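Here are some exercises to help you get to know a protein you haven't met before. Have a look at the sequence and the model, try each task, then read the solution.

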Amino acid sequence: MLSQPMLSRELIPEGLVFTRSVVSDQSLTEEQAPLDLGALGTSDRSTALKLDLDFKVSTTTGHPNLLQTDAANQGLRVELGGRVLALIVGSRANGVPYQAIPLFTKLSIGTWHHLTIRIVGGRYVDVALDGLWPDAMRFDKPFSMRNTRVGIGFDDLRRFRGDLKNIHVSVGSSPLFRVWLAIVNIRIEWFLGLFAIVLLQRYFAHHPLSFVPSDIDIQRAGILKHQLEILLTKLPLPLICLSILLNLSAALYSAAIRHFLQESDFITRTLLPGFQRLEGAPPFNSQLLLFMLVEMSLVGTLAVFWFATPLGKPELDRIPRKLIAGICALSAAHLLIAYGISAKILVACAIVMLLILLAPWPYLTFTLARRPVLATLAVTRRSSRSPQLNTASIARLKAATMPAISGPLFRISPLARKSLALVAGLLVCAVLAWPVLAAWYPVIIPNDYLEAVDRFRLKTSTGTIDISRDQMSDCLSKMGAKDGTEEVPSPNDPPATFSCAGLSLSVDEWSGLQDSLVSTTGWQGEVGRTLFHHSYIFVPAQHLLTYGIDRAVPYLYGYGNTLMHAALMRLDGGPTLSSYFSTFPVAELAGIAGIALLVLLVGRSGWVAVAAFALSLAAFYSITYVPVFLAASFSPARYVGLLFQLASICVCCRNPANTRLLLLLPLAAAASLFWNTEFALLGLVGQGLLTIAPVMQLTLMRRILLLGSLAACALVYPMLFWTSPDIIRTVQLSFFNIGMPFLGPRDALWFFASLIAIEAGLFGLALLFLKPERTLRLCYLPVLGLLIVKYIYNPSSPHLYLVHTLLWPALLLYLPPIAASMRPFIAVVAVCIAAVAGSIYKSDAAAFRKLFADDYAISNWPSLGESIGFVAPEEPISERVASIREHIGPDDTLIFLSPFDQVLSFYVNPKTVCGHFDILSNLASHAIEDVILACATRSPKTLIVYDRATESPCPTGYLQTQSRCALKATTKANLTALRDKLLPSVKLVGSDRNLLFYRPEIGASEDKSASREQ
């Protein structure tokens, strides 16, 4: 976590880094409010902060803080404990122990000290106390700098007790300084780079540029010139097409910006409290729009070129230069009127490509630059001898060792050898996948609800003790106050203990309980956690098993994907949360296995298949355990339908003369749409490209019919499978960045540059294959590129690694045939990477359980038919379920206004619902509210369930106030406001200590129907 060698005192003049003074020569006493500086920069990675102050400590009771850079444990804190001044970074909330680095251990109380602290890039810190500079520090886990406060920590109990004076705070932006510091810390990489430079220099020294070219080099230059001339005859059409499409994309982007800005303004005005953009977020996700337009331009260029090729018109290869110059001039005029910097960049790229066409490349390359070209060919030819020598030496070693290794294998039949290889591959894959199961089981669901109060259950030498959260909060508060008054213990002293509420534990054990209390409070303060995210599968799966496929509930993750989970639940004993969570890893591993099978089908190599399985697992492990456990959206099983489409492209491309196999394309498209619509639309792009590819031996009419069948699948599917209009939809709000993370301009620029560079590289690698295999990989390329839309829509690392579960294995398909001998080496490296990632994944799971489950009372919810563990007590859920079942009729439509709405929907399982089975997190705007109000008052057979827990307050105990509970309370207040709007039109038909039941009044319902008819 922490590495020591770093900053020297005068590494870079401070005036170049800390350029802006925020606070100058200010004083602060205990009676005055602390300094709230907020976010001091636009990015933690480039923000620099310097703090100078004089302080005098009056008492260290309650761990007073001199500085914090963000709320709770997300940032860095300068904290006092006894006579120790320490830096504290991070928390155990994400499975990473926080770092407490003592800087000075003999701080005197009641005297003045001078402190200087410098922070750069959220990683680099150095501190000086009274002129003493310890070693500077670099933290591998960056900390946040979004809520800087001087004189206080993350709550009032950590207020600094004493006086502060001569406070100076300077900030600046330090991207170059941060890069320099990173360079200092990667000396090994620099030594390797130096070695590579020296090696390259030796090659050039052996072959200086002023040499007499050999006949071989001259001959190769002639061949290269001829190939370049052939290439230039094929380039005009695709480059002109791409430039035109980029101009159209820029025009569409400019028009779309104006439209979405207006729509964003309208949506913002209709939002309910609790739903807003993050600070600094743009009005809408313009990067998503730009990404789709650029990808469609690339796909359109390839489609036009392939469609024009079978036509065989010779004039396509002889486009007049005047026409190219005219298009370039029009693009230049468009550049002047384009709206927005992104649109101007698109037009500028189009102009550059047209200028490339106008340049005389053969003359420039082989006349003006003839000598450098010949020198490069000579150096390349001589350099290739080194790999040949290495290959020859490896071949000799292989010839000497293989007889001893492979001798026994050659004595068995080829079928037995293949069977042995298959078994070995399956065993390797099983071992690599074991952490998925080991981390998941036994299944224990943390408590998602602060409204269902859990209890600590701790084992002591005298037995097991249950302690409430409030009792634990009081004990930790008393321990914190006690620690501040004690002297620093000697290293030889026995471990300190503290007794409270019948517990006598060491200080370290109390500290672990403190981390658990803080982490679970933050978890329960969120609007939705594990049961919320997984409810988008287990609620429709339960509904499907009972009522079949209908339109009463939304199938966010697709009908086929939900049907698979429903089948697994039925096989495991029936529709319960236990059967769902117990079989969920099976679906995840099935998705990863499907990816490996696709790579085996296309790559035709067991080594590549094993490498694909390992790389997909490594990407899955990189999502980390908490997101995987938290949400069903990170399951690779969502790709199964897309894998059908990619497999159909492979089969049809390799059998272009077999027209019967073409039926696989629309069949796979229909199956994929049924499985998961959002990924199926991406697969349709690749399938559509194949229908017009020259390699397919089809007439023009058959191409049109095949393309029409694919389009018909996309158009007919929403007609057959649509959701009731009473179901509210909030997906469009994410496009307007409501509560969503976003990419900054700099990050977006690097992202698009990297994406285009990678796609260009894969395009070049695809051209190295023969025609059918080349077409296959070119059809895959836009599908793989469009997969990134998942990350652009929600730019967080878990979503990126979910995409990588398919992207990393798919990259193996672009290894050129010349690299076939490297497949075993790639497989071994991939297996090692997956093994390391799996080990980290398991340790993350253990740390998560330690925080959220191990110290709590666990219930199996037996009255609800469950067998897995739940930290949340059963009684609050079972009582509500029993009460609702008493009041509901056989044909009633239900509305749940409850923080437990997902779980209640699962256990009650009504035939129809109004609004959603999860209204709490979807009641985002007045328009959505109107839909629910209309549905709720339409029929007397509507049962409205209002939960009194909606009005429960946030916890106020020690360490329980630092969470997003205030935001959750706001969204719960929206439910109460919705109930209040319903009251004039409904009547109370029942109640208990938890719930209130309402039904629409018949008169009010008839009046509304009459008014609608009028």
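The exercises below concern a predicted model, and each comes with a worked solution.

**Exercise 1: a hairpin**

Task: Work out which side chains of strand 17 (residues 497-500) are buried, and how this strand pairs with strand 18.

Solution:
- Start with the general pattern: in a regular strand, side chains alternate between the two faces of the sheet.
- Now apply that to strand 17: Phe498 and Cys500 point to one face and are buried. Thr497 and Ser499 point to the other face and are not buried.
- Next, look at the partner. Strand 18 covers residues 503-506, and the two strands pair in the antiparallel sense over 4 bridges.
- Find a facing pair: Cys500 stands opposite Leu503 in strand 18.
- Finish at the turn. Strands 17 and 18 form a hairpin with 2 residues between them, and Ala501 in the turn has a positive phi of about 55°.

**Exercise 2: the disulfide at Cys500**

Task: Find the partner of Cys500 and say which parts of the chain the disulfide ties together.

Solution:
- The partner is Cys475, with the two sulfur atoms 2.0 Å apart.
- Place both ends: Cys475 sits in helix 12 (residues 469-483) and Cys500 in strand 17, so the pair ties together parts that are 25 residues apart in sequence.
- Check the handedness: the torsion about the S-S bond of Cys475 and Cys500 is about -75°, so this disulfide is left-handed.
- As for burial, both Cys475 and Cys500 are buried.

**Exercise 3: the other disulfides**

Task: The structure holds 3 disulfides. Describe the one between Cys914 and Cys935, then the one between Cys954 and Cys965.

Solution:
- Take Cys914 and Cys935 to begin with: they are joined with an S to S distance of 1.7 Å.
- This pair links distant parts of the chain, 21 residues apart: Cys914 is in the loop between strand 21 and helix 31 (926-936), and Cys935 is in helix 31.
- The torsion about the S-S bond of Cys914 and Cys935 is about -80°, so the disulfide is left-handed.
- Buried means under 20% relative accessible area. Cys914 has 0% relative accessibility, so it counts as buried; Cys935 has 4% and is buried too.
- Now for Cys954 and Cys965, whose sulfur atoms are 2.1 Å apart.
- Cys954 lies in the loop between strand 22 (942-947) and helix 32 (965-982), while Cys965 is in helix 32, so the pair ties together parts that are 11 residues apart in sequence.
- With a torsion of about -95° about the S-S bond, the disulfide of Cys954 and Cys965 is left-handed.
- Cys954 is partly exposed at 25% relative accessible area, whereas Cys965 is buried at 4%.
- To wrap up the pairing, number the bonded cysteines in sequence order: you get 1-2, 3-4, 5-6.

**Exercise 4: two unpaired cysteines**

Task: For Cys650 and Cys653, find the nearest cysteine sulfur.

Solution:
- A disulfide needs two cysteine sulfur atoms within 2.5 Å.
- Cys650 is in no disulfide; the nearest cysteine sulfur, that of Cys653, is 7.6 Å away.
- Cys653 is in no disulfide either; the nearest cysteine sulfur here is that of Cys779, 6.1 Å away.
- For burial, Cys650 has a relative accessible area of 1% and is buried, and Cys653, at 0%, counts as buried as well.

**Exercise 5: backbone details**

Task: Look up the phi values of Asn166 and Asn909, and find what kind of peptide bond joins Tyr441 and Pro442.

Solution:
- Asn166, in strand 13 (residues 162-173), has a phi near 55°, a positive value in a residue other than glycine. Asn166 is partly exposed, at 31% relative accessibility.
- Asn909 has a positive phi as well, near 50°. Asn909 is in the loop between helix 30 (901-908) and strand 21 (912-913), and at 10% relative accessibility it counts as buried.
- The bond joining Tyr441 and Pro442 is a cis peptide bond, with omega about -10°. Pro442 lies in the loop between helix 11 (414-440) and strand 14 (444-445).

**Exercise 6: a surface patch**

Task: Name the residues of the nonpolar patch on the surface and say which helix gives the largest share.

Solution:
- The members are Phe307, Leu700, Met701, Ile704 and Leu705, with about 510 Å² of accessible area together.
- Helix 22 (residues 700-720) gives the largest share, 4 residues.
- Phe307 comes from helix 5 (residues 286-311), and is partly exposed at 38% relative accessibility.

Definitions and conventions:
Residues numbered from 1 in each chain as written. Predicted model: local features only at pLDDT ≥ 70, side-chain atom pairs only at ≥ 80, totals over all residues. Heavy atoms only, no water. Patch = residues over 30% accessible without salt bridge, like charges linked within 9 Å, V, L, I, M, F, W, Y side chains within 5 Å. Areas by Shrake-Rupley, 256 points an atom, 1.4 Å probe, with all protein chains shown as cover. Salt bridge = Lys/Arg side-chain N within 4 Å of Asp/Glu carboxyl O. Buried < 20%, exposed > 50% of the residue type's maximum accessible area, 1.4 Å probe, protein only. Pairing = 2+ DSSP bridges.
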